[in-house]
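Student: I am new to this structure and would like a close look at a single part of it. Please take a pocket and follow what surrounds it.

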Amino acid sequence: MKKTYKCELIKKDELCSGVYDFTVEAPEIAKAAETGQFLHILCGGKSYLRRPISICDTGETTVRFAFQVKGEGTKELSNCEIGDKIDILGPVGHGFDVKEGQDAVVIGGGIGVFPLLKIARATDSKVFLGFRTKDLVTMEDDFRAASDDVTICTDDGSYGYNGFAVAAMGEYLTEHKPDMIYCCGPTPMLKVVKQIAEHMDIPCQLSLEQRMGCGIGACLTCVCETKHEGMAKYQQVCSCGPVFDAREVVL
């Protein structure tokens, strides 16, 4: 059974409008966390449901996570101030299988870039980060510190590569075949990355974005369709994921 912790907020930034970057003191979670796992956070207010938020980074005793305000719960969470205690269950889920020093492509879109930072740091990676427009670009400096090869893409061409991150990645893959593709982002991005990886026979891991209820495998709110032999056709993203082998999931 996963434990809950009262974690002190020690750092808070607003990365862009409505997107917040929190660091909490959480030594037990920091020690146990794997790249790609998430936290299930009690946000306060009128909602009793926790919100799943990806782990962005860990220190020796700290955990960093970033989130976008999308509703009442995350709005309430964004109102927390330095010194407040946040009720966190975690770490939760199955993360990325990362091999240090691996020749990899890391691709993320929007708020999906956050859980990819540790992969960029651990691997010899080419990084593609996609955003709708320049004003929404976040954590560029963090990724450039983690990787020597980062391409920022904007859908409207207002900054960096003019177009979708998957298009920039496709151009790169015509001349370079990596050992692995790691991806987190909206479902349309995941679908295209999965198709490209399968077409080019490149191993790929996807982190799925899915609505969750309990976050610990007790309900069926977050099921996704899979085709892995010997396992249930539908699996719970909270406990079996959020990271899956791209060949297993049906998107």
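Student: What is the volume of the second largest pocket?

Tutor: The structure is a predicted model, in which local features need pLDDT of at least 70, side-chain atom pairs count only at pLDDT 80 or more, and totals for chains, interfaces and linings use all residues. Residues are numbered from 1 along each chain as its sequence is written, and side-chain values use heavy atoms, with hydrogens and water left out.

The second largest pocket has a volume of about 500 Å³. It is lined by 23 residues, and those closest to its centre are Gly109, Gly110, Gly130, Arg132 and Pro186. Three elements give two or more residues to this lining: strand S8 (124–131), helix H5 (165–173) and helix H6 (187–199).

Some terms need their limits. On a 1 Å grid over the protein atoms alone, a pocket is an open set of points with protein on both sides within 12 Å along at least five of seven lines, a cavity is a set where a 1.4 Å probe fits but cannot get out, and lining residues have an atom within 4 Å of a point. Grid points are joined across faces, edges and corners, and the volume is the space filled by probe spheres set on the points. Helices (H or I, at least four residues) and strands (E, at least two) are DSSP runs, numbered from the N terminus.

By residue type, the lining of the second largest pocket has 13 nonpolar, 6 polar and 4 charged members. Here Ala, Val, Leu, Ile, Met, Phe, Trp, Tyr, Cys and Pro count as nonpolar, Asp, Glu, Lys and Arg as charged, and the others, Gly among them, as polar.

H6 gives the largest share of the lining, 3 residues. This helix has 13 residues and reaches 18 Å from its first C-alpha to its last, close to the 18 Å expected at 1.5 Å a residue; the expected span is 1.5 Å times one less than the number of residues. In H6, the buried residues are Met189, Leu190, Val193, Lys194, Ile196 and Ala197. Seen down the axis of H6, they fall within an arc of 165°, so they line one face of the helix. The arc is that of the directions from the helix axis to the C-beta atoms. Buried means under 20% relative accessible area, exposed over 50%, and partly exposed in between (1.4 Å probe, protein chains only). On the face of H6 turned away from its buried side are the exposed residues Pro188, Gln195 and His199. The cover over the buried residues of H6 includes strand S7 (103–109), H5, strand S11 (180–184) and strand S12 (204–207).

One of the buried residues of H6, Lys194, is touched by Ala246, as are Glu198, Cys204, Gln205 and Leu206, not counting residues up to four places away in sequence. Contact here means heavy atoms within 4.5 Å. Ala246 lies in the segment after strand S15 (243–245) and counts as buried at 2% relative accessibility.

The loop between H6 and S12 holds Asp201. Its phi is near 55°, a positive value in a residue other than glycine. Most residues other than glycine have a negative phi. Asp201 is exposed, with a relative accessible area of 62%.

H5, which also lines the pocket, has the buried residues Ala165, Val166, Ala168, Met169 and Leu173. They cover an arc of only 160° around the axis, which puts them on the same side of H5. Their cover includes S7, S8, strand S9 (149–154), S10, S11 and H6. Within S10 (residues 161–162) lies Tyr161, which counts as partly exposed at 22% relative accessibility. Leaving aside neighbours within four places in sequence, Tyr161 is in contact with Thr151, Ile152, Cys153, Thr154, Ala167, Ala168 and Glu171.

After S8 comes a loop that leads to helix H4 (140–146), and Met139 is found there. Met139 has a positive phi of about 60° although it is not a glycine, and it counts as buried at 6% relative accessibility. Thr138 has its place in the loop between S8 and H4 as well and counts as buried at 4%. Apart from neighbours within four places in sequence, Thr138 is in contact with Leu15, Cys16, Val113, Phe114 and Phe131.
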